[in-house]
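Look over the sequence and the model below before reading on. The text walks through one sheet and then one helix.

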Amino acid sequence: MLRRRLIAGSAALLLPRAGHSAPPPAGGASLTRIAFASCADQGQPQPIWTAVHDYAPELFIFAGDNVYGDVSSGDLRELRAAYAAATEIPGYARLRRETPLLATWDDHDYGANDAGAEFPWKQASKELFLSFWGVPADDPRRAREGLYHAATFGPPERRVQVVLLDTRWFRSPLKPTDRRGAAGRERYVADDDPAKTVLGAAQWDWLAARLREPAALRLIVSSIQVLAEGHGWERWGNFPRERQRLFDLIAATAANGVVFLSGDRHLGAFYRETAGTPYPLPEATSSGINKAFRSREPGPNRLGEVVGEANFGTIDIDWNAGRAAMALRGIDGGIRASLALDLAALRAR
Ligand SMILES: [Fe+2]
(Lines give C-alpha, C1' and ligand atoms only; values in the text may rest on other atoms or scores of the structure.)
Protein backbone atom coordinates (compact mmCIF):
# COMPACT_ATOMS: atom_id res chain seq x y z
CA MET A 1 0.00 0.00 0.00
CA LEU A 2 2.91 2.27 0.64
CA ARG A 3 3.91 1.95 -2.97
CA ARG A 4 0.40 2.74 -4.17
CA ARG A 5 0.22 5.76 -1.93
CA LEU A 6 3.54 7.08 -3.16
CA ILE A 7 2.52 6.81 -6.78
CA ALA A 8 -0.85 8.33 -6.06
CA GLY A 9 0.87 11.18 -4.29
CA SER A 10 3.10 11.77 -7.24
CA ALA A 11 0.25 11.50 -9.68
CA ALA A 12 -1.62 14.18 -7.80
CA LEU A 13 1.26 16.53 -8.46
CA LEU A 14 1.29 15.77 -12.14
CA LEU A 15 -2.09 16.85 -13.38
CA PRO A 16 -1.29 18.86 -16.49
CA ARG A 17 -4.34 21.05 -16.03
CA ALA A 18 -7.61 21.00 -14.20
CA GLY A 19 -9.95 18.43 -15.67
CA HIS A 20 -7.24 16.61 -17.60
CA SER A 21 -5.63 13.82 -15.66
CA ALA A 22 -2.56 12.36 -17.30
CA PRO A 23 -2.07 8.78 -16.13
CA PRO A 24 0.76 8.11 -13.67
CA PRO A 25 3.29 5.40 -14.49
CA ALA A 26 1.25 2.20 -14.51
CA GLY A 27 0.84 0.04 -11.44
CA GLY A 28 3.56 1.58 -9.30
CA ALA A 29 6.24 0.40 -11.72
CA SER A 30 9.60 2.11 -11.75
CA LEU A 31 10.29 4.70 -14.43
CA THR A 32 12.33 3.59 -17.42
CA ARG A 33 11.80 6.40 -19.98
CA ILE A 34 12.11 10.06 -19.00
CA ALA A 35 12.41 13.04 -21.31
CA PHE A 36 13.28 16.66 -20.58
CA ALA A 37 13.75 19.92 -22.43
CA SER A 38 13.69 23.70 -22.11
CA CYS A 39 13.46 26.95 -24.05
CA ALA A 40 10.26 26.72 -26.08
CA ASP A 41 9.47 29.91 -27.98
CA GLN A 42 5.71 29.89 -28.43
CA GLY A 43 6.01 32.38 -31.30
CA GLN A 44 7.91 29.95 -33.52
CA PRO A 45 7.10 26.46 -34.86
CA GLN A 46 7.89 23.60 -32.47
CA PRO A 47 8.20 20.56 -34.75
CA ILE A 48 10.19 18.58 -32.19
CA TRP A 49 7.07 17.50 -30.29
CA THR A 50 6.41 14.73 -32.83
CA ALA A 51 9.72 13.12 -31.90
CA VAL A 52 8.99 13.60 -28.20
CA HIS A 53 5.66 11.82 -28.58
CA ASP A 54 7.29 9.05 -30.63
CA TYR A 55 9.76 8.54 -27.77
CA ALA A 56 6.72 8.12 -25.47
CA PRO A 57 8.22 9.28 -22.17
CA GLU A 58 6.63 8.06 -18.94
CA LEU A 59 7.53 11.44 -17.44
CA PHE A 60 8.44 14.73 -19.12
CA ILE A 61 10.36 17.46 -17.31
CA PHE A 62 10.24 21.13 -18.39
CA ALA A 63 13.49 22.72 -17.20
CA GLY A 64 12.49 26.35 -17.70
CA ASP A 65 11.93 29.02 -20.34
CA ASN A 66 8.90 26.88 -21.06
CA VAL A 67 7.42 29.98 -22.73
CA TYR A 68 8.98 33.34 -23.58
CA GLY A 69 6.96 36.01 -21.85
CA ASP A 70 9.27 38.81 -20.69
CA VAL A 71 7.03 41.47 -19.25
CA SER A 72 7.04 45.25 -19.47
CA SER A 73 4.57 46.01 -16.69
CA GLY A 74 2.77 44.54 -13.71
CA ASP A 75 -0.19 43.32 -15.71
CA LEU A 76 2.09 40.63 -17.18
CA ARG A 77 0.19 40.72 -20.43
CA GLU A 78 3.14 39.38 -22.41
CA LEU A 79 3.45 36.35 -20.13
CA ARG A 80 -0.31 35.72 -20.16
CA ALA A 81 -0.26 35.86 -23.95
CA ALA A 82 2.73 33.52 -24.07
CA TYR A 83 0.98 30.87 -21.99
CA ALA A 84 -2.19 31.28 -24.04
CA ALA A 85 -0.22 30.79 -27.24
CA ALA A 86 1.46 27.67 -25.85
CA THR A 87 -1.93 26.08 -25.25
CA GLU A 88 -2.57 26.37 -28.99
CA ILE A 89 0.58 24.47 -30.07
CA PRO A 90 -0.71 20.96 -30.85
CA GLY A 91 2.32 18.91 -29.76
CA TYR A 92 2.78 20.96 -26.59
CA ALA A 93 -0.92 20.74 -25.77
CA ARG A 94 -0.99 16.99 -26.37
CA LEU A 95 1.94 16.53 -24.00
CA ARG A 96 0.17 18.51 -21.30
CA ARG A 97 -2.94 16.40 -21.84
CA GLU A 98 -1.40 12.94 -22.03
CA THR A 99 1.97 12.78 -20.28
CA PRO A 100 2.84 13.14 -16.60
CA LEU A 101 4.75 16.40 -16.30
CA LEU A 102 6.99 18.24 -13.90
CA ALA A 103 8.14 21.82 -14.46
CA THR A 104 10.24 24.59 -13.06
CA TRP A 105 10.82 28.02 -14.52
CA ASP A 106 13.73 30.06 -15.84
CA ASP A 107 14.05 33.77 -16.54
CA HIS A 108 11.76 34.02 -19.55
CA ASP A 109 8.78 32.35 -17.89
CA TYR A 110 9.70 34.08 -14.62
CA GLY A 111 9.22 37.34 -16.48
CA ALA A 112 12.53 39.10 -17.25
CA ASN A 113 15.86 38.23 -18.83
CA ASP A 114 18.39 36.95 -16.25
CA ALA A 115 16.15 38.17 -13.40
CA GLY A 116 16.50 37.15 -9.76
CA ALA A 117 14.98 37.97 -6.38
CA GLU A 118 14.55 41.63 -7.29
CA PHE A 119 11.95 40.96 -10.01
CA PRO A 120 8.95 42.98 -8.77
CA TRP A 121 6.12 40.88 -10.25
CA LYS A 122 7.24 37.40 -9.28
CA GLN A 123 4.16 36.65 -7.18
CA ALA A 124 1.82 37.36 -10.08
CA SER A 125 4.10 35.41 -12.41
CA LYS A 126 4.05 32.47 -10.02
CA GLU A 127 0.23 32.49 -10.11
CA LEU A 128 0.33 32.19 -13.90
CA PHE A 129 2.79 29.28 -13.64
CA LEU A 130 0.64 27.45 -11.07
CA SER A 131 -2.41 27.89 -13.25
CA PHE A 132 -0.77 26.87 -16.54
CA TRP A 133 0.82 23.77 -15.02
CA GLY A 134 -2.33 22.79 -13.14
CA VAL A 135 -0.68 22.72 -9.72
CA PRO A 136 -3.32 21.45 -7.24
CA ALA A 137 -4.87 23.72 -4.63
CA ASP A 138 -3.23 21.82 -1.75
CA ASP A 139 0.25 21.72 -3.25
CA PRO A 140 2.97 23.08 -0.91
CA ARG A 141 4.21 25.42 -3.64
CA ARG A 142 1.09 27.50 -3.10
CA ALA A 143 1.88 28.00 0.58
CA ARG A 144 5.53 28.99 0.40
CA GLU A 145 7.75 31.34 -1.56
CA GLY A 146 9.21 30.19 -4.84
CA LEU A 147 8.46 27.14 -6.98
CA TYR A 148 10.93 24.52 -5.75
CA HIS A 149 9.38 21.09 -5.75
CA ALA A 150 10.14 17.37 -5.62
CA ALA A 151 8.42 14.12 -6.57
CA THR A 152 9.35 10.46 -6.29
CA PHE A 153 8.42 7.49 -8.44
CA GLY A 154 8.79 3.75 -8.04
CA PRO A 155 9.63 1.26 -5.30
CA PRO A 156 12.54 2.01 -2.94
CA GLU A 157 15.27 0.07 -4.73
CA ARG A 158 14.27 1.59 -8.08
CA ARG A 159 13.12 4.98 -6.92
CA VAL A 160 13.59 8.04 -9.09
CA GLN A 161 13.56 11.32 -7.19
CA VAL A 162 13.09 14.47 -9.23
CA VAL A 163 14.14 17.67 -7.45
CA LEU A 164 13.15 20.85 -9.27
CA LEU A 165 15.07 23.88 -8.04
CA ASP A 166 13.93 27.47 -8.26
CA THR A 167 17.02 29.44 -9.36
CA ARG A 168 15.10 32.74 -9.77
CA TRP A 169 12.93 33.66 -6.80
CA PHE A 170 15.69 34.00 -4.20
CA ARG A 171 18.76 34.61 -6.38
CA SER A 172 21.05 37.52 -5.50
CA PRO A 173 22.06 40.07 -8.15
CA LEU A 174 24.60 38.86 -10.70
CA LYS A 175 27.96 40.60 -10.93
CA PRO A 176 28.09 42.20 -14.38
CA THR A 177 31.08 41.75 -16.60
CA ASP A 178 33.66 44.45 -17.13
CA ARG A 179 34.13 43.34 -20.75
CA ARG A 180 30.77 42.59 -22.31
CA GLY A 181 30.99 39.86 -24.93
CA ALA A 182 34.58 38.86 -24.13
CA ALA A 183 35.16 35.10 -24.17
CA GLY A 184 34.52 33.63 -20.74
CA ARG A 185 32.99 36.83 -19.36
CA GLU A 186 30.24 37.54 -21.89
CA ARG A 187 27.73 38.97 -19.41
CA TYR A 188 28.74 38.02 -15.86
CA VAL A 189 31.79 37.23 -13.78
CA ALA A 190 32.15 35.14 -10.64
CA ASP A 191 31.09 36.79 -7.39
CA ASP A 192 32.78 35.48 -4.27
CA ASP A 193 30.58 37.49 -1.88
CA PRO A 194 29.55 35.02 0.87
CA ALA A 195 26.28 36.92 1.40
CA LYS A 196 25.05 36.11 -2.10
CA THR A 197 22.79 33.15 -2.78
CA VAL A 198 21.29 31.13 -5.61
CA LEU A 199 18.68 29.15 -3.66
CA GLY A 200 18.04 31.19 -0.51
CA ALA A 201 17.98 29.81 3.05
CA ALA A 202 14.57 28.11 2.99
CA GLN A 203 15.23 26.30 -0.27
CA TRP A 204 18.68 25.18 0.93
CA ASP A 205 17.10 23.66 4.06
CA TRP A 206 14.40 21.98 1.98
CA LEU A 207 16.99 20.59 -0.44
CA ALA A 208 19.03 19.10 2.39
CA ALA A 209 15.95 17.25 3.62
CA ARG A 210 15.18 15.94 0.11
CA LEU A 211 18.74 14.71 -0.37
CA ARG A 212 18.47 12.68 2.83
CA GLU A 213 15.49 10.76 1.43
CA PRO A 214 16.34 7.39 -0.14
CA ALA A 215 16.44 7.17 -3.93
CA ALA A 216 18.33 5.19 -6.55
CA LEU A 217 18.51 8.04 -9.06
CA ARG A 218 18.11 11.75 -8.29
CA LEU A 219 17.46 14.14 -11.13
CA ILE A 220 18.24 17.61 -9.81
CA VAL A 221 16.70 20.05 -12.24
CA SER A 222 18.34 23.49 -12.31
CA SER A 223 17.22 25.83 -15.05
CA ILE A 224 20.71 27.32 -15.25
CA GLN A 225 23.78 25.15 -15.73
CA VAL A 226 25.44 23.76 -12.62
CA LEU A 227 28.69 22.27 -13.89
CA ALA A 228 29.51 24.18 -17.07
CA GLU A 229 32.53 26.41 -16.68
CA GLY A 230 34.40 28.72 -18.99
CA HIS A 231 31.52 30.90 -20.18
CA GLY A 232 30.21 34.18 -18.84
CA TRP A 233 26.48 33.59 -19.22
CA GLU A 234 24.26 32.61 -16.33
CA ARG A 235 25.41 29.53 -14.43
CA TRP A 236 26.01 28.39 -10.86
CA GLY A 237 29.65 29.35 -11.36
CA ASN A 238 28.57 33.00 -11.16
CA PHE A 239 28.43 32.22 -7.43
CA PRO A 240 31.29 29.77 -6.84
CA ARG A 241 30.61 29.53 -3.11
CA GLU A 242 27.03 28.42 -3.76
CA ARG A 243 28.19 25.91 -6.37
CA GLN A 244 30.63 24.39 -3.88
CA ARG A 245 27.93 24.46 -1.20
CA LEU A 246 25.78 22.29 -3.46
CA PHE A 247 28.57 19.75 -3.88
CA ASP A 248 29.27 19.83 -0.15
CA LEU A 249 25.58 19.26 0.63
CA ILE A 250 25.50 16.20 -1.64
CA ALA A 251 28.53 14.90 0.27
CA ALA A 252 27.15 15.74 3.72
CA THR A 253 23.80 14.09 3.05
CA ALA A 254 25.48 11.07 1.39
CA ALA A 255 23.10 11.58 -1.50
CA ASN A 256 23.79 8.94 -4.13
CA GLY A 257 22.57 8.93 -7.71
CA VAL A 258 22.74 12.65 -8.46
CA VAL A 259 22.41 13.75 -12.09
CA PHE A 260 21.88 17.41 -12.92
CA LEU A 261 19.47 18.43 -15.68
CA SER A 262 19.53 21.98 -17.01
CA GLY A 263 18.47 24.19 -19.91
CA ASP A 264 18.66 27.92 -20.67
CA ARG A 265 21.71 27.92 -22.93
CA HIS A 266 20.24 27.29 -26.38
CA LEU A 267 22.57 24.34 -26.82
CA GLY A 268 22.71 20.73 -25.73
CA ALA A 269 25.71 19.13 -24.02
CA PHE A 270 26.88 16.74 -21.33
CA TYR A 271 29.24 17.78 -18.57
CA ARG A 272 31.02 16.11 -15.66
CA GLU A 273 32.66 17.64 -12.60
CA THR A 274 35.14 15.82 -10.38
CA ALA A 275 36.75 18.71 -8.49
CA GLY A 276 35.30 19.30 -5.04
CA THR A 277 32.57 16.68 -5.51
CA PRO A 278 31.94 13.49 -3.49
CA TYR A 279 31.89 11.49 -6.74
CA PRO A 280 31.98 12.45 -10.44
CA LEU A 281 28.76 14.38 -10.99
CA PRO A 282 27.15 14.38 -14.46
CA GLU A 283 24.99 17.07 -16.02
CA ALA A 284 22.85 17.04 -19.14
CA THR A 285 21.85 20.38 -20.64
CA SER A 286 19.00 20.24 -23.13
CA SER A 287 18.11 23.56 -24.76
CA GLY A 288 16.08 24.23 -26.62
CA ILE A 289 12.82 23.00 -28.04
CA ASN A 290 13.14 25.45 -30.93
CA LYS A 291 15.91 27.84 -29.93
CA ALA A 292 19.45 26.52 -30.27
CA PHE A 293 22.72 27.89 -31.64
CA ARG A 294 26.22 26.66 -32.31
CA SER A 295 28.36 27.80 -29.43
CA ARG A 296 32.07 28.33 -29.10
CA GLU A 297 32.11 27.75 -25.34
CA PRO A 298 35.45 26.29 -24.29
CA GLY A 299 33.66 23.82 -21.98
CA PRO A 300 36.39 22.61 -19.66
CA ASN A 301 33.94 20.18 -18.05
CA ARG A 302 32.08 19.28 -21.21
CA LEU A 303 31.98 15.71 -22.49
CA GLY A 304 32.07 15.76 -26.28
CA GLU A 305 30.73 18.36 -28.64
CA VAL A 306 27.91 20.86 -28.28
CA VAL A 307 24.59 19.98 -29.92
CA GLY A 308 23.79 23.18 -31.79
CA GLU A 309 20.31 22.40 -32.99
CA ALA A 310 16.85 21.99 -31.45
CA ASN A 311 16.97 19.08 -29.05
CA PHE A 312 15.36 17.24 -26.18
CA GLY A 313 16.95 14.97 -23.62
CA THR A 314 16.09 11.38 -22.78
CA ILE A 315 17.00 8.97 -20.00
CA ASP A 316 16.50 5.25 -20.53
CA ILE A 317 16.96 3.31 -17.31
CA ASP A 318 17.84 -0.38 -17.29
CA TRP A 319 17.20 -1.22 -13.66
CA ASN A 320 18.32 -4.84 -14.01
CA ALA A 321 21.71 -3.74 -15.32
CA GLY A 322 21.94 -0.73 -12.99
CA ARG A 323 22.58 1.57 -15.92
CA ALA A 324 21.04 4.63 -17.52
CA ALA A 325 21.53 5.78 -21.09
CA MET A 326 21.17 9.53 -21.52
CA ALA A 327 20.80 11.10 -24.94
CA LEU A 328 20.21 14.42 -26.63
CA ARG A 329 17.93 13.99 -29.62
CA GLY A 330 17.11 16.18 -32.59
CA ILE A 331 13.77 16.94 -34.21
CA ASP A 332 13.82 13.57 -36.00
CA GLY A 333 14.29 11.80 -32.66
CA GLY A 334 17.80 10.71 -33.63
CA ILE A 335 20.57 10.73 -31.06
CA ARG A 336 23.06 13.61 -31.42
CA ALA A 337 25.02 12.98 -28.22
CA SER A 338 24.88 10.35 -25.52
CA LEU A 339 26.21 9.53 -22.07
CA ALA A 340 26.11 6.13 -20.36
CA LEU A 341 25.75 6.14 -16.58
CA ASP A 342 26.59 3.36 -14.15
CA LEU A 343 24.27 4.02 -11.22
CA ALA A 344 26.63 2.25 -8.82
CA ALA A 345 29.31 4.82 -9.66
CA LEU A 346 27.08 7.68 -8.49
CA ARG A 347 27.99 7.40 -4.84
CA ALA A 348 30.92 8.29 -2.63
CA ARG A 349 33.45 5.55 -2.00
FE1 LIG B 1 17.02 31.28 -19.50
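In this predicted model, strand S11 (residues 312–318) and strand S12 (residues 323–329) are antiparallel partners, joined by 7 bridges. Within this pair, Ile315 stands opposite Met326 in S12. S11 also pairs with S1, again in the antiparallel sense, over 4 bridges. Here Phe36 stands opposite Gly313 in S11.

Strand S1 (residues 33–37) has another partner. It is joined by 4 bridges to strand S2 (residues 59–62), and these two strands run parallel. Phe36 takes part here as well, standing opposite Ile61 in S2. The connection between the two parallel strands involves a helix: S1, helix H2 (residues 49–55) and S2 form a β-α-β unit, and the unit is right-handed.

These strands belong to an open sheet of 6 strands, in the order S3-S2-S1-S11-S12-S13. The pairing in this sheet is mixed; S1 and S2 run parallel, whereas S1 and S11 are antiparallel. The edges are formed by strand S3 (101–103) and strand S13 (335–342), each of which pairs on one side only. From one strand to the next, the twist averages 20°.

How many of the 5 residues of S1 are buried? The number is 4, so S1 is largely enclosed by the rest of the structure. In a regular strand, side chains alternate between the two faces of the sheet.

The next element to look at is a helix. In helix H6 (residues 122–132), the buried residues are Lys122, Ser125, Lys126, Leu128, Phe129 and Phe132. Where do these buried residues lie around the axis of H6? They cover an arc of only 160°, which means that they are on the same side of H6. The general background is the helical repeat: an α-helix has 3.6 residues a turn, so residues three or four places apart point the same way.

The other side of H6 carries Gln123 and Glu127, which are exposed. To count as exposed, a residue has 12 or fewer other C-beta atoms within 10 Å of its own, while a buried residue has 20 or more.

What do the buried residues of H6 pack against? Their partners are two helices, H3 (77–86) and H5 (107–110). After H6 comes Gly134, with a positive phi near 60°.

Methods: Residues are numbered from 1 along each chain as its sequence is written. This is a predicted model: local features need pLDDT of at least 70, side-chain atom pairs count only at pLDDT 80 or more; totals for chains, interfaces and linings use all residues. Two strands pair if DSSP finds at least two bridges between them. A crossover is right-handed if, with the strands pointing away from the viewer, the path from the first strand over the helix to the second runs clockwise. The arc is that of the directions from the helix axis to the C-beta atoms. Two residues are in contact if their C-beta atoms, placed from the backbone, lie within 7 Å. Axes are lines fitted to C-alpha atoms, for helices over the stretch in contact, and angles run from 0 to 180 degrees between N-to-C directions.
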